[in-house]
Amino acid sequence: MRYNQDMKAGEKQQILAEEFDIPVEQGALREELNHMCNLSDYVEQCGIEKGRQEGRQEKVLEQIGKKLARGKTVEEIADALEEKPDTIRELIASLSNSGAY
């Protein structure tokens, strides 16, 4: 089978017709296949964005930890990272609660 995740709905429909003798003409099956393809693309994009957000937050936490280790104040860290001091305090609390600092 030549199916892969990056295929467009039309390519998948062609494989179903040619390799499995499942005609996907106009109608409910075609609409359902398009819906499933769109949904899987959406889920994939959500996962990618979530991973990116987590990566950004991990980087900020890492930077905060390094700056704290160098004796920087909350205000200095906030200024350097262009964040609000309250945000930095919350992140420091999460570092402390996780045992990372």
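Let's start with helix α3, which spans residues 74-81: Val74, Ile77, Ala78 and Leu81 are buried there. These four residues sit on the same side of α3, because they cover an arc of only 100° around the axis. An α-helix has 3.6 residues a turn, so residues three or four places apart point the same way. Just after α3 comes Glu82, and its phi is positive, near 55°. Keep in mind as you look around that this is a predicted model.

Now for the charged side chains. Side chains of opposite charge can pair when their charged atoms come close. How many salt bridges does the count come to? The count is five. The table shows some of them.

| Salt bridge | Closest N to O distance |
|---|---|
| Arg56 and Glu49 | 3.1 Å |
| Lys59 and Glu62 | 3.6 Å |
| Asp86 and Arg89 | 2.9 Å |

Arg56 is partly exposed at 46% relative accessibility, and its partner Glu49 is partly exposed as well, at 34%.

Lys59 and Glu62 belong to helix α2 (residues 28-69), where they are about one helical turn from each other because they lie three residues apart. Lys59 has a relative accessibility of 42%, which counts as partly exposed, and Glu62 is partly exposed at 39%.

Helix α4 (residues 85-98) holds both Asp86 and Arg89, again three residues apart, about one turn of the helix. Is Asp86 buried or exposed? Asp86 is exposed, with a relative accessible area of 53%, while Arg89 is partly exposed at 38%. Elsewhere, Lys59, Glu62 and Lys66 are joined into one network by salt bridges that share partners.

Terms used:
Residues are numbered from 1 along each chain as its sequence is written. This is a predicted model: local features need pLDDT of at least 70, side-chain atom pairs count only at pLDDT 80 or more; totals for chains, interfaces and linings use all residues. Side-chain values use heavy atoms; hydrogens and water are left out. Buried means under 20% relative accessible area, exposed over 50%, partly exposed in between (1.4 Å probe, protein chains only). Helices (H or I, at least four residues) and strands (E, at least two) are DSSP runs, numbered from the N terminus. The arc is that of the directions from the helix axis to the C-beta atoms. A salt bridge is a side-chain nitrogen of Lys or Arg within 4 Å of a carboxyl oxygen of Asp or Glu.
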